[in-house]
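User: I am new to this structure and would like a close look at one part of it. Please start with a single contact between side chains, say where its partners sit, and then connect it to the other parts you can describe.

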Amino acid sequence: MKEVERIVDAGSVDYIVIESSGISEPVPVAQTFTYIDEETGIDLTKKCKLDTMVTVVDANRFWEDYASGESLLDRKEGTDESDTREISDLLVDQIEFANVIILNKVEMLQKVDLDELVQFMRKLNSDATILPTSFSNVELSTILQTEKFDFEKVSQYAGWIKELNEEHTPETEEYGVSSFVYRSRKPFHPERLMNWLEDWPTDVVRAKGFIWVASRNNMAGLISQSGSLVTIQGAGEWVAAYPEDERKQTLLEDPELQEKWDPKFGDRMTELVFIGIDMDHKEVKDSLDKCLLTDKEMTQDWSTLYDPLPQYIEA
Ligand SMILES: Nc1nc2c(ncn2[C@@H]2O[C@H](COP(=O)(O)OP(=O)(O)OP(=O)(O)O)[C@@H](O)[C@H]2O)c(=O)[nH]1
């Protein structure tokens with residue numbers, strides 16, 4: 001950040017290309033150009049603007065890395081001993097938060113494999129321009145001076161967010177890549193959900209979304225799966241659990257919330273996006289339905305249910 005400021009202050013620079021290290025996350029980099037840095041007081045927003053966020057994906061190694069189940073530490077690439085980040089998570093973060101995805105080394109892939117990978121990239125990020133390349137040979141105009149970067153917009157590019165917020169456009173299932181949203185107005189039984197998570201369907205390659213678990217009736221959960229990693233964290237209180245005045249006020253101010261408000265359960269619901277390859281939608285849906293509370297359980301005390309799920313920790 002200091003270096004960028006120094007270069008800009010020195011003058012006569014039109015454009016700076018920054019190559020982040022392969023293990024860096026794109027969001028903090030983008031934040032540096034979008035907000036004042038409180039620690040140093042440096043405000044790059046007054047001096048320059050982020051033009052394009054480019055992610056280069058090694059097409060030849062993608063699935064191997066994605067499915068490796070390895071962390072950066074396993075690869076001895078972590079920043080230090082406490083760096084527990086997983087490779088698959090990092091790959092997804094880098095792909096979801098990009099304006100341009102350069103899919104490189106494509107000459108090493110069979111056409112069907114390349115087509116499948118392009119489809120998957122599109123599912124992860126439907127707004128980015130995807131450029132299949134060899135030796136990252138691209139027209140410079142596709143990555144320089146595109147004026148594509150907008151922090152708020154890119155934050156909404158992730159396929160799972162799109163799928164939750166917008167109507168699903170049925171895909172051509174030519175390459176076997178498909179997605180759907182699992183929705184339920186009944187809560188999960190914690191133990192049955194835990195068993196399901198531990199027996200994750202192999203045809204689901206990316207999933208993310210919000211869950212309602214009966215034994216945690218006031219808190220929303222967020223599940224994210226990438227590769228062989230599944231994480232659960234807290235996603236704040238359901239509005240339905242707010243004190244009455246606050247709940248009414250929040251509802252008044254939010255027409256979207258009003259639309260999905262259930263008379264009995266309010267905004268409590270499960271909305272999980274699944275992206276898969278040759279995915280059996282019905283099997284995923286039916287097996288999850290079996291994890292929901294039964295009609296009998298719906299009338300019982302939910303707080304006493306055995307709950308082996310990891311604790312919700314706020315992100
Ligand atoms: N076959 C093939 N090889 C490539 C292609 N692109 C790059 N390479 C080779 O892959 C190797 C790594 O390339 P680099 O450009 O150093 O990759 P990098 O990821 O930037 O590496 P670091 O800067 O060390 O992180 C080199 O031997 C390149 O010649 C490609 O499209 N096809």
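Analyst: Arg183 is partly exposed, because its relative accessible area is 45%, which falls between the limits of 20% for buried and 50% for exposed. The model is a predicted one, and the description of Arg183 as partly exposed applies to that model. The side chain of Arg183 forms a salt bridge with the side chain of Glu271, with N and O 2.9 Å apart. Arg183 belongs to strand 4 (residues 177–184) and Glu271 to strand 8 (residues 270–277), so this salt bridge ties together parts that are 88 residues apart in sequence. The two partners are covered to unlike degrees: Glu271 has a relative accessible area of 11% and is buried, whereas Arg183, at 45%, is partly exposed.

The record helps to place this part of the chain. In an unreviewed UniProt entry, the annotation "domain: CobW C-terminal" covers residues 177–292. Within that span, 28% is helix and 35% is strand. The C-alpha atoms at the two ends of residues 177–292 lie 27 Å apart.

Another salt bridge joins Asp286 to Lys282, and here the closest N and O atoms are 2.5 Å apart. Both residues are in helix 11 (residues 281–289), four residues apart, which means that about one helical turn separates them. The pair of Arg183 and Glu271, in contrast, connects two strands. Lys282 is exposed, with 58% relative accessibility, and Asp286 is partly exposed, with 27%. Elsewhere, salt bridges with shared partners link Arg61, Asp65, Glu70 and Arg75 into one network.

A further pair within a helix is Glu3 and Arg6, whose side chains form a salt bridge with an N to O distance of 2.7 Å. These two are three residues apart in helix 1 (residues 2–10), so they too are separated by about one helical turn. Glu3 is partly exposed, at 44% relative accessible area. The structure holds 20 salt bridges, among them the three pairs named above: Arg183 with Glu271, Asp286 with Lys282, and Glu3 with Arg6.

Salt bridges are one way to connect parts of the chain, and proximity in space is another. Pro308 sits in the segment that follows helix 12 (295–298). Its C-alpha is 6.0 Å from that of Glu191, although the two positions lie 117 residues apart in sequence. Pro308 is partly exposed, with a relative accessible area of 26%.

The ligand is the next feature to place. Around the ligand are Glu19, Asn104, Lys105, Glu107, Met108, Ser134 and Phe135. By type, this shell divides into two nonpolar, two polar and three charged residues. Three of the side chains can be described by their distances to the ligand. Glu107 has a side-chain N or O atom 2.7 Å from a ligand nitrogen. For Asn104, a side-chain N or O atom is 3.0 Å from a nitrogen of the ligand. Lys105 has a side-chain N or O atom 3.2 Å from a ligand oxygen. The ligand on its own has 650 Å² of accessible area, and the protein covers 36% of that.

Phe135, one of the residues around the ligand, is in the loop between strand 3 and helix 6 (151–154). Its relative accessibility is 75% with only the protein chains counted as cover, so Phe135 counts as exposed. The phi angle of Phe135 is near 50 degrees, a positive value in a residue that is not glycine. Glu147 is in the loop between strand 3 and helix 6 as well, and its phi is also positive, at about 55 degrees, although Glu147 is not a glycine. Glu147 is exposed, at 57% relative accessibility.

The loop between helix 5 (111–124) and strand 3 (129–132) contains Asn125. Asn125 is buried, with a relative accessible area of 0%. Its side chain reaches the backbone nitrogen of Ala128, at 2.9 Å.

Key:
Residues numbered from 1 in each chain as written. Predicted model: local features only at pLDDT ≥ 70, side-chain atom pairs only at ≥ 80, totals over all residues. Heavy atoms only, no water. Near = heavy atom within 4 Å. Polar contact = N/O pair within 3.5 Å; in protein donor to acceptor, adjacent residues only side chain to side chain. Areas by Shrake-Rupley, 256 points an atom, 1.4 Å probe, with all protein chains shown as cover. Nonpolar A, V, L, I, M, F, W, Y, C, P; charged D, E, K, R; others polar. Salt bridge = Lys/Arg side-chain N within 4 Å of Asp/Glu carboxyl O. Buried < 20%, exposed > 50% of the residue type's maximum accessible area, 1.4 Å probe, protein only. UniProt positions renumbered as here; feature names shortened; annotations may be inferred.
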